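Reader: I have a structure to look at for class, and I would like help reading it. Could we go through it step by step?

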Amino acid sequence: MNAINYFEIQSSNPQREAAFYSAIFGWKFIKLEGLPIEYHRIETKGINGGLMKRFAKTPPPEFGTNAFTCSMEVVSFDKTAEMILENGGQVAMPKFAIPGTCWQGYFIDQDNNVFGVFQVDLNAG
């Protein structure tokens with residue numbers, strides 16, 4: 001636990017990015033329904049990930065790195081969220097269910113870096 005176990009790509013045009021990464025790396029994209037965001041699961045030959053519709057403006061190029069978000073698998077989402085907040089982190093996107101898979105949420109560290117946390121729960125939803 002607590003290891004990077006999932007990556008996500010944010011995009012203002014998910015279909016464009018799905019075509020791009022499929023053509024280059026052969027990744028498979030599967031659109032998921034029933035989520036509060038547009039989301040595609042990414043299957044690779046290594047760590048799997050997701051492609052999500054960007055929920056904020058794309059940072060201008062001169063504002064630093066615009067990169068993938070990594071998510072850590074944890075035993076307890078709620079306890080981990082509590083520790084993040086107690087140590088100066090902030091909620092970027094509140095906990096939500098990925099039905100039949102996990103509880104997911106996003107946080108911001110003290111330098112404004114976004115990272116994800118998820119708890120596997122086949123009953124989520």
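Author: Let us begin with a term: helices here are DSSP runs of H or I with at least four residues, numbered from the N terminus. One such run is helix α2, residues 77-86, and T80 lies in it. Please keep in mind that this is a predicted model.

Reader: Is T80 buried or exposed?

Author: T80 counts as buried, at 15% relative accessibility, because the cut-off for buried is under 20%.

Reader: And which residues does T80 contact, leaving aside neighbours within four places in sequence?

Author: With those neighbours set aside, T80 is in contact with V74 and V117.

Reader: Let me move to the sheet. How many strands does the open sheet have, and in what order?

Author: The open sheet has 8 strands with mixed pairing, and their order is β2-β3-β4-β1-β5-β8-β7-β6. Its edge strands are β2 (28-32) and β6 (90-98), each of which pairs on one side only. On average, neighbouring strands of this sheet are turned by 25 degrees against each other, direction ignored.

Reader: In what sense do β1 and β5 pair?

Author: Strand β1, residues 4-11, and strand β5, residues 69-73, pair in the antiparallel sense, over 4 bridges. Y6 has S71 as its bridge partner in β5, and I4 has M72.

Reader: What about β5 and β8, in what sense do they pair?

Author: β5 pairs with strand β8, residues 114-120, in the parallel sense over 3 bridges. There, S71 stands opposite G116 of β8.

Reader: How many residues of β5 are buried?

Author: In β5, 4 of the 5 residues are buried, so the strand is mostly covered. T69 belongs to β5, and T69 is buried with a relative accessible area of 7%. Not counting residues up to four places away in sequence, T69 touches Y6, F7, E8, Q10, Y106, V114, F115 and G116.

Reader: Then back to the edge of the sheet. How many bridges join β2 to β3?

Author: β2 and β3 run antiparallel and are joined by 5 bridges. One of the pairs is K31 with H40, its bridge partner in β3. The hairpin of these two strands has 6 residues between them, and G34 takes a positive phi near 80 degrees there.

Reader: At the other edge, where is P94 found, and is P94 buried or exposed?

Author: P94 is found in strand β6. P94 is exposed, with a relative accessible area of 56%, because exposed means over 50%. Leaving aside neighbours within four places in sequence, P94 is in contact with Q104 and G105. P94 and G105 are 11 residues apart in sequence, while their C-alpha atoms are 5.3 Å apart in space.

Reader: Now the interior. Which residues make up the largest nonpolar core?

Author: The largest nonpolar core has 11 residues: Y6, L35, I37, Y39, M52, M93, F96, I98, C102, Y106 and F118. β6 and β7 (102-108) each supply at least two residues of this core, and the largest share, 3 residues, comes from β6.

Reader: I see F118 in that list. Which residues is F118 in contact with, leaving aside neighbours within four places in sequence?

Author: With those neighbours set aside, F118 is in contact with N5, Y6, S71, M72, E73, V74, F77, C102, W103 and Q104.

Reader: One more topic, helix α1. How far apart are its end C-alpha atoms?

Author: The end C-alpha atoms of α1, residues 14-25, are 16 Å apart. At 1.5 Å a residue, the 12 residues of α1 should span 16 Å, so the two values agree.

Reader: Which residues of α1 are buried?

Author: P14, E17, A18 and Y21 are buried in α1. Seen down the axis of α1, its buried residues fall within an arc of 105 degrees, so they line one face of the helix.

Reader: And what covers those buried residues of α1?

Author: The cover includes β1, β2, β3 (39-43) and β4 (49-53).

Reader: Finally, which residue follows α1?

Author: α1 is followed by G26, whose phi is positive, near 75 degrees.

Methods: Residues are numbered from 1 along each chain as its sequence is written. This is a predicted model: local features need pLDDT of at least 70, side-chain atom pairs count only at pLDDT 80 or more; totals for chains, interfaces and linings use all residues. Side-chain values use heavy atoms; hydrogens and water are left out. Two strands pair if DSSP finds at least two bridges between them. Axes are lines fitted to C-alpha atoms, for helices over the stretch in contact, and angles run from 0 to 180 degrees between N-to-C directions. A nonpolar core is a set of buried Ala, Val, Leu, Ile, Met, Phe, Trp, Tyr and Cys residues joined through side-chain atoms within 4.5 Å. Buried means under 20% relative accessible area, exposed over 50%, partly exposed in between (1.4 Å probe, protein chains only). Contact means heavy atoms within 4.5 Å. The expected span of a helix is 1.5 Å times one less than its number of residues. The arc is that of the directions from the helix axis to the C-beta atoms.
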